[in-house]
Amino acid sequence: MDALFRKSDRLLANTSMEIIREKMDEIHWNSQLISIIGAKGVGKSTLIKQYLKQNFELGDRRVLYCSADTVDFSMRTLVGLAEEFVIHGGELLVIDEIHKYHSATSDWSREIKEIYELFPDLKMIVSGSSLLRLKEGDADLSRRVIKYTMSGLSFREALRFYHGLTFPIWSLEDILAHPYDLWQMVSSKCKPIVLFKEYLEKGYYPFLLEGEGEYYTRIEQVVNYIIETELPQICKVDVANVRKIQALISLICGEVPFELNANKIASALEIGRDTVVEYFKYLGDAKVLNLLYSDKKKIGKLTKPDKIYMENTNLMYALVPTKIDVGTLRETFAVGSLSESHDVEYSKTQGDFKVDNKYTFEIGGRSKNFSQIAGVKDSYVFADDWDMPDGAKLPLWMLGFLY
């Protein structure tokens, strides 16, 4: 245990407290079992270590932070570690990268469930980046764990991380009702259109702070790991189809935007139509893609999505920078920002998206008008390269203030 405590102390001591994401205040840290999940690189581990550093002195043996992907777990079980920790007075045990834990006798979720039941006074935080593997453990822990999902940086957060500009979160209702107030607040401190273009290219992942040189390489590595390793191992995807899936993702980035014709894709890839739909759903679960449906109430196992986007715009620049369609880029940003806390559906009739079954949004450039949503109640245009609000025509960057 002493070696684990020393390693924990060293990791916490090396954690920067300069910028702390507001997700910190949303989490009920005193719950018995917390799960924090999200794509690799969005800052989960850093947030947890910042919480520990804020609330415990270095050397406090009531808390232990460790990662399941280290050699420390080659000879340990989670239950064994928890028991030893509690015997020595431990109160809060953090297991990061929980999805990488391997045991010959049980899986991680069953051991966490056993710890939960054996040691009711022990608080636990588990975190992981493999959304596909973590989804496997949901059934065992669903009634016990409080789950939080972390996304990458919003445009508002990126302004604070990279430019030292602090602004409050705006609800969608406030943006629609008082857009001029938001525009005045932001434009008085910066040129939002210029910084927004930067954000679309680089800024979604906090690890940009570590240097720009390897930024896109790290993003590409994350996506390739999901496709080449996780899909075959967890979802039983045929390894022979891995290259076809990678080519398909490149196609999505460059389409205007991508509308799924499952039968056509199945024929091109020489696989079944239902298999194509399954692959897209796996990539959606893994937060590589955002899948949009025209009616979410009728989604079934083999229901194909109506439109498909990359999960964020930085993925597009990392994977196919020479084929990016600007219309797809704008819609990708809008869907990603709105989906964080709103219900977004693809509109087959008027406008691009239906939001919360109330608002109709049309996304476009500065020349976009209301012709496609004329007469539609609660309809708005969000325009890129648009300087300031003009009635129901609002700057696209404003959607970056939703979280």
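**Exercise 1.** Which helix lies across S9, S10 and strand S11 (359–364), and at about what angle does this helix run to S11?

*Solution.* The model examined here is a predicted one. Begin with the sheet itself: five strands form an open sheet, arranged in the order S9-S10-S11-S12-S13 with mixed pairing. Its edges are strand S9 (344–346) and strand S13 (393–395), each of which pairs on one side only. From one strand to the next, the twist averages 30°. Then place the helix: helix H16 (residues 326–339) lies across S9, S10 and S11, and runs at about 145° to S11.

**Exercise 2.** Determine how many bridges join S9 to strand S10 (residues 353–355), and identify the bridge partner of Tyr346.

*Solution.* The two strands run antiparallel, and three bridges join them. Within S10, Phe353 is the bridge partner of Tyr346.

**Exercise 3.** Describe the open sheet that contains strands S1 to S5, and state which strands stand at the edges.

*Solution.* First, establish the order: the five strands are arranged S2-S3-S4-S1-S5, and the pairing is parallel. Next, consider the ends of that order. Strand S2 (63–67) and strand S5 (146–149) each have a single partner strand, so one side of each is left without a neighbour in the sheet. The twist in this sheet averages 15° from one strand to the next. Finally, examine one pair: S2 and strand S3 (residues 92–96) run parallel and are joined by five bridges. In this pairing, Tyr65 stands opposite Val94 of S3.

**Exercise 4.** Are the faces of strand S7 (residues 289–292) covered or uncovered, and which strand is joined to S7 by four bridges?

*Solution.* Start from a general principle: in a regular strand, side chains alternate between the two faces of the sheet. In S7, Leu289 and Leu291 lie on one side, with Asn290 and Leu292 on the other. These four residues are all buried, and both faces are covered. The strand joined to S7 by four bridges is S8 (residues 307–310), and the two run antiparallel. One of the pairings links Leu292 with its bridge partner in S8, Lys307.

**Exercise 5.** Classify the packing of helix H1 (residues 2–13) against helix H2 (residues 44–55), and give the classes of the residues in contact.

*Solution.* The axes come within 9 Å and cross at roughly 100°. Angles of 65 to 115 degrees count as roughly perpendicular, so H1 is roughly perpendicular to H2. H1 contributes Leu11, Leu12 and Ala13 to the contact, while H2 contributes Lys49, Leu52 and Lys53. By class, this contact has four nonpolar, no polar and two charged residues.

**Exercise 6.** Carry out the corresponding analysis for helix H13 (residues 262–269) and helix H14 (residues 273–285).

*Solution.* The axes are 8 Å apart, and the helices pack at an angle of about 100°. H13 and H14 are therefore roughly perpendicular to each other. On the H13 side, the contact is made by Ala262, Asn263, Ile265 and Ala266; on the H14 side, by Arg273, Val276, Val277 and Phe280. The class count for this contact is six nonpolar, one polar and one charged.

**Exercise 7.** State how many disulfides the whole structure holds, and determine whether Cys190 and Cys235 are buried or exposed.

*Solution.* A search of the whole structure finds zero disulfides. For burial, the cut-off is a relative accessible area under 20%. Cys190 has a relative accessible area of 13% and is therefore buried. Cys235, at 14% relative accessibility, also counts as buried.

Terms used: Residues numbered from 1 in each chain as written. Predicted model: local features only at pLDDT ≥ 70, side-chain atom pairs only at ≥ 80, totals over all residues. Heavy atoms only, no water. Disulfide = S-S within 2.5 Å. Buried < 20%, exposed > 50% of the residue type's maximum accessible area, 1.4 Å probe, protein only. Axes fitted to C-alpha atoms, helices over the stretch in contact; angles between N-to-C directions. Parallel < 35°, antiparallel > 145°, perpendicular 65-115°, else oblique. Contact = heavy atoms within 4.5 Å. Nonpolar A, V, L, I, M, F, W, Y, C, P; charged D, E, K, R; others polar. Pairing = 2+ DSSP bridges.
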